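Thank you all for coming. I would like to take you through one structure this morning, going from what is covered to what is left open.

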Amino acid sequence: MTDTIKSADYVAWLNGLKSRIQSAHLSAARSINREMILLYWDIGHGIVEKQAELGWGDSVIERLASDLSKVFPSLRGFSQQNIWRMKQLYSIYSSPEFLSQVVRELEQGSTGQEIIAELPAIQSAPKNVSQAVRELVAAVPWGHHANVLARIKNHAERLYYLRATVKFGWTRNVLMNQVKAGAYERSLAEGKSHNFPAALPEHLVEQAEEVLKSSYNFEFLGISREVKERELEGQLIGKLQDFILELGYGFCFVGRQYRMVLGSKEYFIDLLFYHRFLKSLVAFELKVGAFKPEYAGKMDFYLNLLNEKERAADDNPSIGIILCAEKDNLEVEFALKSKTNPIGVAEYQVQSTLPRELKGKLPTSEQLSEALHLPIKEKRGR
């Protein structure tokens with residue numbers, strides 16, 4: 001029998017198999033995680049139930065940890081600390097306070113509604129919220145839960161991070177980075193500035209709004225002085241991983257100063273990304289000063305070029321995001337009114353900012369030095 005295997009055919013078949021195997025492994029891992037979290041939930045439930053019915057004290061946790069470790073010496077999940085977490089997991093997420101938070105958001109048509117929608121087996125009705133929450137909790141890995149339970153006390157904030165982890169597939173490191181950067185607090189901040197409802201198909205508007213933040217935190221750059229736009233761009237590329245973590249899950253870097261040609265002229269986009277879930281090219285323009293209306297016109301032009309020359313046949317419309325040091329929402333609104341392409345405008349910060357009520361009330365470094373009788377360092381350039 002003649003060997004008729006063609007290299008191209010085999011490679012295509014092999015790539016298909018690799019994709020299928022990876023998908024099966026991921027599906028199996030998710031299934032295992034779900035069963036483990038549901039087991040932990042039930043153990044926590046059992047502890048709470050027995051303590052209420054039989055008056056057992058907290059010593060039952062220490063005893064249970066010891067007994068289970070003897071029976072299952074090769075399993076690491078039954079330490080005393082872990083079993084405390086199991087009780088905490090059940091107590092918090094089945095509490096009337098947490099369920100009331102979900103119901104409130106369900107009634108407001110926000111996060112609660114989306115939680116139910118993301119779980120097809122659960123009907124959109126408040127009476128099923130308890131089961132929906134249990135399923136949501138089961139979709140999040142145990143390591144994520146340990147971090148959320150330990151660091152976050154607010155029910156609304158816990159709900160936000162659980163849902164975001166499930167929706168965007170955040171790893172534990174990404175989750176902790178988002179917590180540290182105050183993603184929840186920023187989600188409650190001043191409304192986002194964009195024209196997405198007018199420029200995108202209805203089914204994409206909500207997804208695009210999820211991608212855009214009202215503000216971006218660039219403190220990881222360690223900038224303590226005024227910089228030019230190209231320098232800011234260079235520093236972001238130098239810390240690309242941190243930048244992508246700040247942008248959010250799903251962004252894939254395409255290029256810096258991305259070149260496009262129209263006729264005899266060249267045009268360059270500061271930073272170009274592709275978003276895997278939106279299936280859209282996302283262009284970023286960096287501005288070190290305040291937003292100006294002409295920035296919207298330039299971005300609109302760039303998006304026309306991207307859609308004409310770079311967008312794939314099955315891609316959704318390209319999206320533009322203008323990052324500025326500050327913006328006036330009314331000015332942004334009027335600047336975007338006539339634009340046909342989807343454009344968002346967001347602020348960024350490179351240093352921690354004081355609350356408004358404290359500005360001007362704290363001593364300067366010179367005043368502190370004088371009060372402590374320390375020598376004041378001369379400023380450079382003098």
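Let me begin with a definition, since the next part leans on it: a residue is called buried when its relative accessible area is under 20%, exposed when that value is over 50%, and partly exposed in between. Please also keep in mind that this is a predicted model.

With that in hand, look at helix α7, which spans residues 142-151. Which residues of α7 are buried? They are Trp142, Gly143, His144, His145, Asn147, Val148 and Leu149. Because seven of its ten residues are buried, α7 is largely enclosed by the rest of the structure. The cover over those buried residues includes α1, running from 7 to 54, together with α3 (80-93), α6 (129-138), α8 (155-168) and α9 (172-180).

From there we can step to the nonpolar interior. The largest nonpolar core has 42 residues, and those with the most contacts inside it are Ile83, Leu89, Tyr93, Val133, Val137 and Tyr161. Apart from that core lies another, of 28 residues, with Phe196, Leu278, Ile321 and Leu323 among them. Returning to Val137, and leaving aside its neighbours within four places in sequence, we find this residue in contact with Ile37, Trp41, Leu89, Tyr93, His145 and Leu162; of these, His145 is one of the buried residues of α7 that I listed a moment ago.

Now to His275, which sits in strand β4, residues 265-275. Is His275 buried or exposed? His275 counts as buried, because its relative accessibility is 4%. A polar atom of the His275 side chain lies 3.2 Å from the backbone nitrogen of Leu278, and Leu278 is itself a member of the 28-residue core. If we do not count residues up to four places away in sequence, His275 touches Val211, Tyr249, Gly250, Phe251, Ser280 and Val282.

On the outside, there is a nonpolar surface patch formed by Tyr10, Val11, Trp13, Leu14, Leu17 and Ile21, which together have about 550 Å² of accessible area. Tyr10, which belongs to helix α1, counts as partly exposed because its relative accessibility is 38%.

Finally, the overall picture. The protein has 17 helices and seven strands, and of its 382 residues, 40% count as buried. Among contacts between residues at least 6 apart in sequence, 63% join residues at least 24 apart. The accessible surface comes to about 22400 Å², and 53% of that belongs to carbon and sulfur atoms.

Note on methods
Residues numbered from 1 in each chain as written. Predicted model: local features only at pLDDT ≥ 70, side-chain atom pairs only at ≥ 80, totals over all residues. Heavy atoms only, no water. Helix = DSSP H or I, 4+ residues; strand = E, 2+ residues; numbered from the N terminus. Buried < 20%, exposed > 50% of the residue type's maximum accessible area, 1.4 Å probe, protein only. Polar contact = N/O pair within 3.5 Å; in protein donor to acceptor, adjacent residues only side chain to side chain. Contact = heavy atoms within 4.5 Å. Patch = residues over 30% accessible without salt bridge, like charges linked within 9 Å, V, L, I, M, F, W, Y side chains within 5 Å. Areas by Shrake-Rupley, 256 points an atom, 1.4 Å probe, with all protein chains shown as cover. Salt bridge = Lys/Arg side-chain N within 4 Å of Asp/Glu carboxyl O. Core = buried A, V, L, I, M, F, W, Y, C linked by side-chain atoms within 4.5 Å.
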